[in-house]
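Colleague: Could you walk me through how to read a ligand site and a sheet?

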Amino acid sequence: MADLEVQNLAKSYDGKTKVLKDISFSVKNGEFVSILGPSGCGKTTTLRIIAGLIPETSGQVLVDNKDITKVPVYKRNFGMVFQSYALFPHLSVFENVAFGLKTRKIAKSEIKEKVAAMLELTGLSDLADKFPAQLSGGQQQRVSLARALIIDPELLLMDEPLSNLDAKLRLKMREEICRLQKKMKMTVLFVTHDQQECFAISDKVLIMKQGHIDQFDTPQTIFHHPRTEYVARFIGYDNFVPVSPNSCQDNYHVKAGETVLTTTEDCLNAKVLTIRPENIVLDLKEATQNTFDGKIINREYLGQSFKYTVESKLGEFKVEEARQKMRSSGDEVTLTLPAKHLHPLSE
Ligand SMILES: Nc1ncnc2c1ncn2[C@@H]1O[C@H](COP(=O)(O)OP(=O)(O)O)[C@@H](O)[C@H]1O
Ligand SMILES: [Mg+2]
């Protein structure tokens, strides 16, 4: 497998609106990178340009430092898996998987051997003679994965491959993909709009917003240090407090309106602070900082916990609390925002 580098990629379909604006990122050999973003943000367009299926408007795609931007699709040795399995309906499982080898003019005996090994690896040996219409969604997606992998691709590109599967099967396929990726040391670029899925399986996540990259980091870094409000919202930070940068004399306080908040040093230049709903504490006894009055105005039941909407002088907050105690609309509470859980956002 290989290193992939994308440099300053831009794309316009109509010559006017840019659906990709100056995208740059790299995927190292053996890495699993996901592109995460809502529908229409440009994920598929990015993948299709890398695959060579559509032309870029400007920018370069490099594989192992070689510019392949103008190399036609059939000369790129990439495996592709799509949301719609795109199998050949008139070919058996065996023939579907063998397809990429046949077009490469490989000897029949070698094809037989390789396909058998790949069917074994992907758990399809018993289905070799079936046709796509006789298979379940999960089985079809496995065939499409086997077909992509049989050519020993330099790079595996996957566009929402699990979207058509039910929740249980999604989890199972997700595990299988991870297992295969590690076993075969594959370089993978995986597209999804599902945050949990993406964080569970990726070495790095690229968060895309309207044709540009908002953040490209490990899942852990994104989770603990979201860079923008858009990213923070995507991963479940529900609370945003506008603050005045450098509004206090020392390094550990900032002003939110007239309220002085105690923070950590990295919050000094922030324009907005964010905090997760589960990190706000209600009715903390002996609270010493960042505590103010609030009133419960809504309650949602989440199974293990309740999520409350709490009105306060700093606006509304979402607060998640273990279900031992149930509060009701109208209840008066105090809110505490622990300084160590307040994260700075630059945008
Ligand atoms: N073939 C096309 N012609 C014109 N516009 C397109 C075409 N394909 C996609 N788009 C537009 O480009 C933007 C990005 O689309 P896409 O890459 O498919 O997003 P995603 O995969 O993130 O949902 C969207 O606004 C979409 O309408
Ligand atoms: Mg898409």
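Modeller: Gladly; we will take the ligand site, then the sheet. This is a predicted model, where local features need pLDDT of at least 70, side-chain atom pairs count only at pLDDT 80 or more, and totals for chains, interfaces and linings use all residues. Residues are numbered from 1 along each chain as its sequence is written, chains are lettered from A and ligands numbered from 1 in the order in which they are written, and side-chain values use heavy atoms, with hydrogens and water left out.

Colleague: Which residues are around ligand 1?

Modeller: A residue is near a molecule if one of its heavy atoms lies within 4 Å of it. Here the residues around ligand 1 are Tyr-13, Val-19, Pro-38, Ser-39, Gly-40, Cys-41, Gly-42, Lys-43, Thr-44 and Thr-45. Helix H1 (residues 43-51) gives the largest share of this shell, three residues; helices are DSSP runs of H or I, at least four residues, and strands are runs of E, at least two.

Colleague: Which side chains have a polar atom close to an oxygen atom of ligand 1?

Modeller: A polar contact with a ligand is a pair of N or O atoms within 3.5 Å. Polar side-chain atoms of Lys-43 and Thr-44 lie 2.9 Å and 2.8 Å from an oxygen atom of ligand 1, and for a side-chain N or O atom of Thr-45 the distance is 2.5 Å.

Colleague: And in what order do the strands of the open sheet run?

Modeller: Strands of a sheet pair through backbone hydrogen bonds, either parallel or antiparallel. In this model three strands follow the order S11-S14-S20, with antiparallel pairing; two strands pair if DSSP finds at least two bridges between them. Strand S14 (residues 272-275) is joined to S20 by three bridges, and Thr-274 stands opposite His-343 in S20.

Definitions and conventions
Polar contact = N/O pair within 3.5 Å; in protein donor to acceptor, adjacent residues only side chain to side chain.
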